[in-house]
Amino acid sequence: MKCELELTAARPGAAAVVMMSVVEELRLMQAAPEGLINEMMANRNYVVSFVNAHAMNLACKDAQFLHALRSADLLLRDGVGMQILLKARGKEPGLNMNGTDFIPKVILANKQQPIALCGSTAATSRAAATWLEQNGVRRVFHCDGFQSPGYYVQLLRAQRPRIVILGMGMPKQELLSARLARELPGPVLILSGGAILDFMAHRFRRAPKLMRRLGLEWLFRLLLEPQRLWRRYLLGNCLFLWHTAQVLRMRYAAKI
């Protein structure tokens, strides 16, 4: 079934099918996620990925990324775009489980565990590690996010962290997380966090709380970095909404 869904990316209307398949695998949190952290620290390798509008756009055109995304143990809804898509699919979207807020909670709930930060520049990952240490995390290993997948496998085998945070951007971090889950001795929790290290290092500012509550943090980031992010947030959001309209049309066509 997964292979069939991945192959649909080459056919007209396939994006809506791919999006609906990913939606069905999301864990939609309706209550506070504290108990979820204990589940994630299971006695095995466990991969957590966050699905936002950008991830959906990538999944619709990249079968390898789609496979890596759907092979995660836990998929969480991230952002207002996914809220719109879920409502179009007729589902209650639940809590916004964006990694920028959730990942630090996971780490700070496990301060005694060895943590590895892999991503961004060496200086940024080092600053993020320093912030965690200042907040009571006892053992933090860090490295940049520009090495080969094999490099991280060997490095993390030697370091033996209990939690690995990948801050490399999509699709690199999701592809790497799938490989690490296969090849690292466990148990290890692997989370794909995008720009999480930049936020922990205070390289990027968070949006004001009101903008976050309104689901407009993407707009704040666009205003800060228009040259780097305009394609993702302007063109990408338009593409995502077009695919979402197809999902809505398919939903009501099925009822007729």
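**Entry 1: Trp 218 and its ring partner**

I started with Trp 218, which counts as partly exposed at 27% relative accessibility. This is a predicted model, so I read every value here as computed from it. Next I looked up Tyr 233, and at 9% relative accessibility that residue counts as buried. How do the rings of Trp 218 and Tyr 233 sit to each other? Their centres are 6.0 Å apart and their planes meet at 45°, so I noted the pair as tilted. Trp 218 lies in helix 13 and Tyr 233 in helix 14, so the two rings tie together parts that are 15 residues apart in sequence.

**Entry 2: other aromatic pairs**

I then searched the whole structure for aromatic pairs, and three came up. One of them joins Tyr 151 and Tyr 152, with ring centres 5.5 Å apart and planes at 85°, so I wrote this pair down as edge-to-face. Are the two tyrosines buried or exposed? Tyr 151 is partly exposed at 36% relative accessibility, while Tyr 152 is buried with a relative accessible area of 1%.

**Entry 3: Arg 221**

Back to helix 13, which spans residues 217-224 and holds Arg 221. I wanted to know which side chain of opposite charge is nearest to Arg 221. It turned out to be Glu 225, at 4.4 Å. A salt bridge needs a side-chain nitrogen of Lys or Arg within 4 Å of a carboxyl oxygen of Asp or Glu. Arg 221 is therefore left without a salt bridge, although this arginine is buried.

What does Arg 221 touch, leaving out residues up to four places away in sequence? My list reads Ala 195, Phe 199, Phe 204, Arg 228, Leu 229 and Tyr 233. Tyr 233 I had already met as the ring partner of Trp 218.

**Entry 4: the patch on helix 14**

While in this region I checked for nonpolar surface. Trp 230, Leu 234 and Leu 235 make a nonpolar surface patch of about 280 Å². I looked closer at Leu 235, which belongs to helix 14 (residues 226-255). With 45% relative accessibility, Leu 235 counts as partly exposed.

**Entry 5: salt bridges around Glu 24**

How many salt bridges does a search of the whole structure find? The count is 11. I opened the one between Glu 24 and Arg 89, whose side chains meet at 3.7 Å, N to O. Glu 24 is in the loop between helix 2 (14-23) and strand 1 (26-27), and Arg 89 is in the loop between helix 6 (80-88) and helix 7 (99-108), so this bridge ties together parts 65 residues apart in sequence. Both ends are partly exposed: Glu 24 has a relative accessible area of 45%, and Arg 89 comes in at 26%.

Glu 24 has a further partner in Lys 91, the closest N and O atoms being 3.6 Å apart. That pair also links distant parts of the chain, 67 residues apart, with Lys 91 in the loop between helix 6 and helix 7 and Glu 24 in the loop between helix 2 and strand 1. Lys 91 is partly exposed, at 28% relative accessible area. I drew Glu 24, Arg 89 and Lys 91 together as a network of salt bridges.

**Entry 6: Glu 25 and Arg 70**

One residue along, I checked Glu 25. Arg 70 forms a salt bridge with Glu 25, and their closest N and O atoms are 2.4 Å apart. Arg 70 is in helix 5 (residues 63-70) and Glu 25 in the loop between helix 2 and strand 1, so I noted another link between distant parts of the chain, 45 residues apart. Arg 70 is buried, with a relative accessible area of 8%, whereas Glu 25 counts as partly exposed at 31%.

**Entry 7: Arg 138**

My last stop was Arg 138. Where is Arg 138 found? I located Arg 138 in the loop between helix 8 (122-134) and strand 5 (139-143). This arginine counts as exposed, at 62% relative accessibility. Leaving out residues up to four places away in sequence, Arg 138 touches Lys 111 and Gln 112. I also noted Pro 114, which is 24 residues from Arg 138 in sequence and 7.3 Å away in space, C-alpha to C-alpha.

Terms used:
Residues numbered from 1 in each chain as written. Predicted model: local features only at pLDDT ≥ 70, side-chain atom pairs only at ≥ 80, totals over all residues. Heavy atoms only, no water. Helix = DSSP H or I, 4+ residues; strand = E, 2+ residues; numbered from the N terminus. Buried < 20%, exposed > 50% of the residue type's maximum accessible area, 1.4 Å probe, protein only. Lys, Arg positive; Asp, Glu negative; His and termini not counted. Contact = heavy atoms within 4.5 Å. Patch = residues over 30% accessible without salt bridge, like charges linked within 9 Å, V, L, I, M, F, W, Y side chains within 5 Å. Areas by Shrake-Rupley, 256 points an atom, 1.4 Å probe, with all protein chains shown as cover. Phe/Tyr/Trp six-rings, centres within 6.5 Å; stacked < 30°, edge-to-face > 60°.
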